[in-house]
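Reader: I have a model open in front of me and would like to learn how to read it. Could you take me through it feature by feature?

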Amino acid sequence: MNAIITVVGSDKVGIIAKVSAFLAERGINIEDISQTVLSGNFVMMMMVNLSSSSKALEDIKKELNGLGDTLNVSISLMHEKVFSAMHRI
């Protein structure tokens, strides 16, 4: 099962490291990643594979929200099918 994670906020050291470590600890593989910094704003988008994670999608969402609060960034997670449906032209 694939999902899309987005991270948006003010740029600071350690965002990628902490989000990546969070995912690795839960057995979530990063399949693809893109990140940039625009005028001091950090923006990252990842496609992740949740197949090896023992956690439910909703639990991962809640934990990511908590991590986002700690890092002072916004982190969202949605199933790949929902993301695709939202961005279909």
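Author: Gladly, and let us start with one residue. S53 touches R26, G27, I28 and I60, leaving aside residues up to four places away in sequence. Contact here means heavy atoms within 4.5 Å.

Reader: Before we go on, what kind of model is this?

Author: This is a predicted model, in which local features need pLDDT of at least 70 and side-chain atom pairs count only at pLDDT 80 or more, while totals for chains, interfaces and linings use all residues. Residues are numbered from 1 along each chain as its sequence is written, and side-chain values use heavy atoms, with hydrogens and water left out.

Reader: How do I read pLDDT, and which elements have the lowest and the highest mean?

Author: pLDDT is the predictor's confidence in each residue, from 0 to 100. The protein has a mean of 90, and 89% of its residues reach 70 or more. Among the elements, helix α3 (residues 80-86) has the lowest mean, 57, and helix α1 (residues 15-25) the highest, 97.

Reader: How many helices and strands are there?

Author: Helices (H or I, at least four residues) and strands (E, at least two) are DSSP runs, numbered from the N terminus. This protein has three helices and four strands, in the order β-α-β-β-α-β-α from the N terminus on.

Reader: Back to S53, then: is S53 buried or exposed?

Author: Buried means under 20% relative accessible area, exposed over 50%, and partly exposed in between (1.4 Å probe, protein chains only). S53 counts as buried because its relative accessible area is 13%. S53 sits in the loop between β3 and α2 (57-71). Across the protein, buried residues make up 28% of the 89 residues.

Reader: Which polar atoms does the side chain of S53 reach?

Author: A polar contact is a pair of N or O atoms within 3.5 Å; within protein, one must be able to donate a hydrogen and the other to accept it, and residues adjacent in sequence count only if both atoms are side-chain atoms. The S53 side chain reaches the backbone oxygen of R26 at 3.2 Å. A polar atom of that side chain also lies 3.2 Å from the backbone nitrogen of K55.

Reader: R26 has come up again. Which salt bridges does R26 form?

Author: A salt bridge is a side-chain nitrogen of Lys or Arg within 4 Å of a carboxyl oxygen of Asp or Glu. R26 pairs with E25, the closest N and O atoms being 3.4 Å apart, and with E63, where they are 2.6 Å apart. The pair of E63 and R26 links distant parts of the chain: E63 is in helix α2 and R26 in the loop between α1 and β2 (29-38), 37 residues apart. E25, R26, K55 and E63 are linked in a network of salt bridges.

Reader: How exposed are E25, R26 and E63?

Author: E25 is exposed, at 63% relative accessibility, whereas R26 is partly exposed at 21%. E63, at 24%, is partly exposed too.

Reader: How many salt bridges does the whole structure have?

Author: The search finds four. One of them joins K61 and E58, with the closest N and O atoms 3.5 Å apart. K61 and E58 are separated by about one helical turn, because they are three residues apart in helix α2.
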